[in-house]
Amino acid sequence: MSLNDTATVVRRADYTLSSFLVDSVELEFDLAPEQTTVRNAMRVRRNPDAVSETSLQLVGEKLKFVSAQIDGVPVDVLIGDSTLTIEDVPDSFELTLTGLCSPSANTTMLGLYVSRGNFFTQCEAEGFRRITWFLDRPDIMSTYTVTLRADKVDYPVLLSNGNLVDHGDLPGGRHYARWQDPFRKPSYLFALVAGKLVALEERIKVRSGGEKLLQVWVEPRDLDKTRHAMDSLIQSIHWDEARFGLELDLDRFMIVAVDDFNMGAMENKGLNIFNTKFVLASPETASDADYANVQAVVGHEYFHNWTGNRVTCRDWFQLSLKEGLTVFRDQEFTAAMMGGDERPAVRALKRIEDVRIMRQVQFGEDSGPMAHSVRPDSYSEISNFYTATVYRKGAEVVRMYQTLLGRDGFRRGMDLYFQRHDGQAVTCDDFRVAMADANGRDFSQFERWYSQAGTPRVAVTTQYDATAKRYSVTLTQSYDDNNATVVGQTHTGPWHIPFAIGLLDPYGADLPLGLDGESAARETTRILELTQTQQTFTFVDVETRPLPSLLRNFSAPVIVEYDYSDDELAFLLEHDSDPFNRWDAGQRLFTRELLALASRAAAGQRLETNEALMGPIRRVVTDTSLAAGLRELMLVLPTETWLAEQMAESDPAAVHAARQFLRKWLATSLKDEWLTTYEDNLTPGAYEPTPAACGRRALKNLALAYLAELDDPSDAVRLADMQYRTANNMTDRSASLGALLNASAGTGIDFGKHALDDFYERFKDDPLVVDKWFALQAMQRGTLQRPTVEIVRTLLSHPAFSLRNPNRARALVFSFCGANPAQFHAADGSGYSLWAEQVVALDALNPQVAARLARMLERWRAYVPALREPMRGALAAVAGQVRSRDVIEVVRKALG
Ligand code: B3K
Ligand code: ZN
C-alpha cells in the first residue's frame, strides 16, 4: 500500500446490524510454533432483526484455509484477501472451518503469537480474525468451548477463558485441556495461553459467600515478584463489591504475565493477559511508580469484567463506553487505596497526576491532526484510536456525571445501566441515558462531550459590589476551532460544563457560598452548571472582595482563563483548601515565569531571575506540615513538552534553556533547604510502597535532583553515590543514578559511569530493569560534546537491545523521541533521522507499536520554522516507505 491508495475508512454512521449471529463457538487448537491448526465449529443463524443476506461473509487474516463444512457436509468457499464467503447458506447451521496460522512468524503480537517459547493471544480489537475466520465484531456475542492440544513437556500449562472442564494425556507426549466460558462474549475477549508457567494462587470468599480461585501466572524465575499483583487483585475485587455492588462472576480468575506485549494489559474474560511491567514487582526491581501502576492496571483490567465484558461495545466507535468508564473506575480505586475520603490531600496526589497527563497528552492530541471526539466518527485503523482522548478524556466525561449527580446519583445510574444492559453490546448513548433516567435529569446537551472534539476554554471575569455585598462570576465558554476545521470536526454548540468554584476571604479561609435567590448560604465549594455560551452567577452576602478558586479538583476537562496576579497565585498556593488548586496555582506561577524566560532565550537575551518567585517557593520547600508527596508535586517544574505546547511556536531549545536556568537558580538559592529536605525525608527500614513513604522518597529524590544542578554538584554526587550503594529499593537506586548522569551532563565529568555499569551488571538478567537502564540513558541531558542521540545510536547496537520486544523499543527509542525533547529536536535534525529509521523498521515488524512512534512528529506544524521543515521532511520520507495501515493513517493525517 502506498500513501496514494485510498485507505478504507470505517464510519460510525455506516453501522448496521450483522445479518448473522453466532450462538456458540467450539475451538480446537493443535498448538505448534511454526504451524498451528485451528478447528472452529460455530452455530450460526440468521439475525431476525437484520437485513437478510443469502451469503455469509467472515473475516480472516494471515490464515491458510484447509476445509469447510456445513452440518458436516463439505462446502465451497470463496477466499478473498481477508475474507471467506459461503454462498446460499441455510437459516441456521453448524459451520466448521479448519485453518492454519503461524504463531512464531507473527511479530505483530496481534492474534496468536510466541513470546519466549510460550503461546499467547491478543484479540482486541481485530486480532481474532488472525486465529480463525469469524464475524469479528464486538456485537457478535457467543459462548466458547476451547480445546488446547500441545506437547506436554514444552507446554505443560494450557489456559483459556472460563472454567477447566477436562484435561488429560494424548499419545506422542502430548496432552490436552478443555475450557468452557459460561458467559457469552465478543471474540475480542477470547484468549489462550500455553507454556512453561507457574502460578501464585489464593482462594478468597466473595461477599455473597462463594469461594473463588485467583491465580497469577508467570515464568518460574518471576514467581517471587507476584505478591503485589495478587494483593492488588484482591483489593480490586473487594472494592468493586463495596463501591458498585459488582461481584466476581467466575469461579476462577487468572492473570498471566508476558514479556512481549503491545500495551499494558488485556481484560480477556477470566484470563487477563498482562505485560510483565504491570505484574511483576519487588522492592529491588520495581520503583514506587511501578508498584502504583501494577495496582492501577490490575484494577483496571479486573473492573473491565463488568464494564466492558458483561456490558460491551456495540462497535469500536463506542470504545470509550468501556475504556473511559473503566479508567474512571481505576482512578477512583487508586484514590481509595491511597487513603480514601478521609485524606483529601493524599487523594489529591492521584488527581494531580491524572490531570498532568490529561493536560499534556490529551490537550496536545486535541490540538493536533489526530484530534477526535471521545466517540470518534471514523477511522482507518482502529488500533490508532486507543488514545488519550478515548481513555482519559473519556474518564473525565464519566467523572463529570459523578460531579453533577453526586456519588449516590452516579451509583443509581450504574445500577440502572447494568439492569438494562447486562449481557448486551451497547453505545455511549445507552450509558448517558441510564445516568439521566436513574436521576430524572436531562443529559441531552451533555452528549456534546462525546461528539465534539477539542478542548473548551472557559474565560472568567468577576465583579464585586461592596455595597450590595454581591460577587458576580461570569463564565464564557469558547473553542478555538482552527484545529477542528483542519481535522474536519464540527462544533454544534456549547458544552454542559460542571464548574467547581470556591471563594477565599482575605485570610485565605473558604466563604460559605449562597447564590442569588437561595435562602441560606451553603457549601464552600459549589458546582456551577455552565450550559450556555455565557452565564453570570451571583453570590450574595459576600462581606469583602474574595479571591476565586476556579475549576476546583479539575471538575471539567477545560482550560480556564482568568487574569490572576502573581500575588494572587502565591496566595492560592499557600491557602487554597482545594489541594488540587493549590498545586495548580504553583504550576501557573512556574509556567508564567518559564514562558517569559523561554521567549528571552529564543530572542538570544540574557536570562534573569525573578526574586518575587522565591518567597512562595521557599515557603513550600520548608512547609513540613504539607504531605511530602504534595510538596514534591508542587516543586516539580512543568515538563518541557507541556511548556513548549504553551508557546505560539514550540521551541524546545528555548524551553530547555529556560527550565534549566530556573532549576539551577532554585538549586542555588535553596541549597541549604534542599540538603535539609534530603536528610529529613530518608526512609530507613524495610521498603514500603505506602503513599507516605513514596511521598518522602519522591521529595528526597527531587531535592537530590536539584542539588545535581549546582555548578559544584559535589554534595549531590556524594549523596547520590552513597544512595546508589546503600539503596534497598529501585526508586532510590534509579533516582541516584539519574542524579549522577545529570551532574555529569552539567559538568562534563563522568560521575555516572561506575554506577551505570554496576546497574547493568547487577540487573542484566531482569528485562524490566534493563529497560530502565536503557530509558535512563535515553532521557539524560546531552552535552555539546556528547549529544544524547549518539548515546542512543550506540545503544541500538547493544547486545541487549531488540526492536522486537515492545518494552525494549519503548525504553530506548520512545524515551528518547518522546521524553527528551531538547535532544530529540536537535537543530541538525539528527533526532528526526533516528525516528524515521526506527518507524520504518518497526512498521515491518509491529505496525501498532510503529504507529505510536510515528505519532511523535504529528504536531510538526506547531514548531518554530527552523524545525518544521526537517520534521515534515522526516514524515514525508517515512510516508514513502511504510506499508501498514496503522502508520499510513498517522503520517497521512500528519502531513495533511
Ligand atoms: N482493552 C485493552 C486495550 C487493547 C488495545 C488494543 N490495541 C486494554 C485496556 O484498556 O484495558
Ligand atoms: Zn481498558
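How far does a polar side-chain atom of E124 lie from a nitrogen atom of ligand 1? Hold that thought while we go through the close-ups, and keep in mind that this is a predicted model.

**View 1. Ligand 1 and the side chains that reach it.** The opening question has a short answer: 2.6 Å separates the nitrogen atom of ligand 1 from a polar side-chain atom of E124. Another glutamate, E267, also has a polar side-chain atom by a nitrogen atom of ligand 1, here at 2.8 Å. E301 deals with an oxygen atom of the ligand instead: an N or O atom in the E301 side chain is 2.8 Å from that oxygen. How much of the accessible area of ligand 1 does the protein cover? Taken on its own, ligand 1 has 340 Å² of accessible area, and the protein covers 95% of that.

**View 2. Who makes up the shell around ligand 1.** Count the residues surrounding ligand 1 and you get 13, with E124, A265, E267, E301 and Y391 as the closest. Sorted by character, the shell has five nonpolar residues, three polar ones and five charged ones. Which elements supply at least two shell residues each? They are the strand β20 (265-266) and the helices α2 (288-303) and α3 (319-338).

**View 3. The zinc ion and its protein donors.** Ligand 2 is a zinc ion, and its protein donors are H300 (NE2), H304 (NE2) and E323 (OE). These donors sit 1.9 to 2.1 Å from the zinc. Read along the sequence, their spacing is H-x3-H-x18-E. Now pick out the pair H304 and E323: they are 19 residues apart and link distant parts of the chain. H304 belongs to the loop between α2 and β22 (312-313), while E323 is part of helix α3. Are these two buried or exposed? H304 is buried, at a relative accessible area of 0%, and E323 is buried too, at 1%.

**View 4. Cysteines without a partner.** How many disulfides does the model have? The count is zero. Take C313, which is in no disulfide: its nearest cysteine sulfur belongs to C428 and is 7.3 Å away. The cut-off for a disulfide is 2.5 Å between the sulfur atoms, so the 7.3 Å between C313 and C428 doesn't qualify. C313 is buried, with a relative accessible area of 0%. C694 also counts as buried, because its 18% relative accessible area falls under the 20% cut-off.

**View 5. E381 meets R885.** Look for E381 in the loop between β23 (378-379) and α5 (388-421). What does its side chain touch? The E381 side chain makes a polar contact of 3.0 Å with the side chain of R885. E381 counts as buried, at 7% relative accessibility.

**View 6. K393 inside, D711 outside.** K393 is part of helix α5 and counts as buried, with 2% relative accessibility. Along the chain, K393 and Y15 are 378 residues apart, and 24 Å separates their C-alpha atoms. For a contrast, go to D711, in the loop between α16 (691-707) and α17 (714-726). D711 is exposed, because its relative accessible area of 65% is over the 50% cut-off. D711 and F774 are 63 residues apart in sequence, and their C-alpha atoms are 27 Å apart in space.

Technical notes. Residues are numbered from 1 along each chain as its sequence is written. Chains are lettered from A and ligands numbered from 1 in the order in which they are written. This is a predicted model: local features need pLDDT of at least 70, side-chain atom pairs count only at pLDDT 80 or more; totals for chains, interfaces and linings use all residues. Side-chain values use heavy atoms; hydrogens and water are left out. A residue is near a molecule or strand if one of its heavy atoms lies within 4 Å of it. A polar contact is a pair of N or O atoms within 3.5 Å; within protein, one must be able to donate a hydrogen and the other to accept it, and residues adjacent in sequence count only if both atoms are side-chain atoms. Accessible areas come from the Shrake-Rupley method with a 1.4 Å probe; for residues, only the protein chains shown count as cover. Helices (H or I, at least four residues) and strands (E, at least two) are DSSP runs, numbered from the N terminus. Ala, Val, Leu, Ile, Met, Phe, Trp, Tyr, Cys and Pro count as nonpolar, Asp, Glu, Lys and Arg as charged, and the others, Gly among them, as polar. Donors are N, O and S atoms within 2.8 Å of the metal (3.2 Å for Na, K and Ca); water is not among the atoms, so sites may look incomplete. Buried means under 20% relative accessible area, exposed over 50%, partly exposed in between (1.4 Å probe, protein chains only).
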